[in-house]
Amino acid sequence: MALRLTLKPNERIVVNGCVIRNANRRQTLQIENTADVIRAEDLLDENCEPTPVKQAYFLIQTALIRADTRDTLVPVIQEKLADLATIFSAPVVGGVFEAANWVSQGDYYKALSALRPVMAREEELFARLSGDASPAVALEGEEC
């Protein structure tokens, strides 16, 4: 089944490590074979605050974008995820296990998707520790 992407004006995606930017009109792309695809909005910035979950997310993101690094990164990713599994409790830890499962299957995009709720919980916990009653909310384009 083909992947159908509708791109907003000037939206970026990464396909097999190649950054592609849409023109100033809404466009639809159909990817008809297997490819590593991620929207720019799902990418962490390398200058983002290095929290434990964001470190794991960034490593998985790098494995997704740069296939040549996977052999080196997968053991490091699995170790980071194992460490995270000892930090969180149910049901959040389920997302960590799910991410580890997807990494072992080589589906890095689904691993990133599994970690997003864990990252949100981590942000909520850090916000509580810093005395902020509400979790940090990032504006579109400003997300780490």
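# Exercises on salt bridges and cores

The count comes to 9 salt bridges in this predicted model. The exercises below start with some of them.

**Exercise 1.** Find the partner of Arg70 in a salt bridge, and say where each residue sits.

Solution.
- Step 1: Arg70 pairs with Asp36; their closest N and O atoms are 2.5 Å apart.
- Step 2: Arg70 lies in helix α2, which covers residues 70-85.
- Step 3: Asp36 lies in the loop between β4 (27-31) and β5 (37-39).
- Step 4: The two residues are 34 residues apart, so the pair links distant parts of the chain.

**Exercise 2.** Is Arg70 buried or exposed? Classify Asp36 as well.

Solution.
- Step 1: Buried means under 20% relative accessible area.
- Step 2: Arg70 has 18%, so Arg70 is buried.
- Step 3: Asp36 has 22%, so Asp36 is partly exposed.
- Step 4: Besides Asp36, Arg70 touches Ala63, Leu64, Pro75 and Tyr108, leaving aside residues up to four places away in sequence.

**Exercise 3.** Which helices does the salt bridge between Lys54 and Glu123 link?

Solution.
- Step 1: The side chains of Lys54 and Glu123 meet at 3.7 Å, N to O.
- Step 2: Lys54 is in helix α1 and Glu123 is in helix α4, 69 residues apart.
- Step 3: Lys54 counts as buried at 11% relative accessibility.
- Step 4: Glu123 counts as partly exposed at 28%.

**Exercise 4.** Classify both partners in the salt bridge of Arg66 and Asp68. Then name the residues joined into one network.

Solution.
- Step 1: Arg66 and Asp68 meet at 3.1 Å, N to O.
- Step 2: Arg66 is partly exposed, at 42% relative accessibility.
- Step 3: Asp68 is exposed, with a relative accessible area of 59%.
- Step 4: Arg121, Glu124 and Arg128 form one network through salt bridges that share partners.

**Exercise 5.** Describe the largest nonpolar core.

Solution.
- Step 1: The largest nonpolar core has 31 residues.
- Step 2: Ile60, Ile77, Leu81 and Leu115 have the most contacts inside it.
- Step 3: The elements giving two or more residues to this core are α1 (52-65), α2, α3 (92-105) and α4 (108-129).
- Step 4: A second, separate core has 6 residues, including Leu5, Leu7, Ile13 and Val37.
- Step 5: Among the residues that Leu81 touches are Ala56, Ile60, Val96 and Leu115.

**Exercise 6.** How many disulfides are there? Classify Cys18 and Cys48 too.

Solution.
- Step 1: The count comes to 0 disulfides.
- Step 2: Cys18 is partly exposed, at 43% relative accessible area.
- Step 3: Cys48 counts as buried, at 10%.

Conventions: Residues numbered from 1 in each chain as written. Predicted model: local features only at pLDDT ≥ 70, side-chain atom pairs only at ≥ 80, totals over all residues. Heavy atoms only, no water. Helix = DSSP H or I, 4+ residues; strand = E, 2+ residues; numbered from the N terminus. Buried < 20%, exposed > 50% of the residue type's maximum accessible area, 1.4 Å probe, protein only. Contact = heavy atoms within 4.5 Å. Disulfide = S-S within 2.5 Å. Core = buried A, V, L, I, M, F, W, Y, C linked by side-chain atoms within 4.5 Å. Salt bridge = Lys/Arg side-chain N within 4 Å of Asp/Glu carboxyl O.
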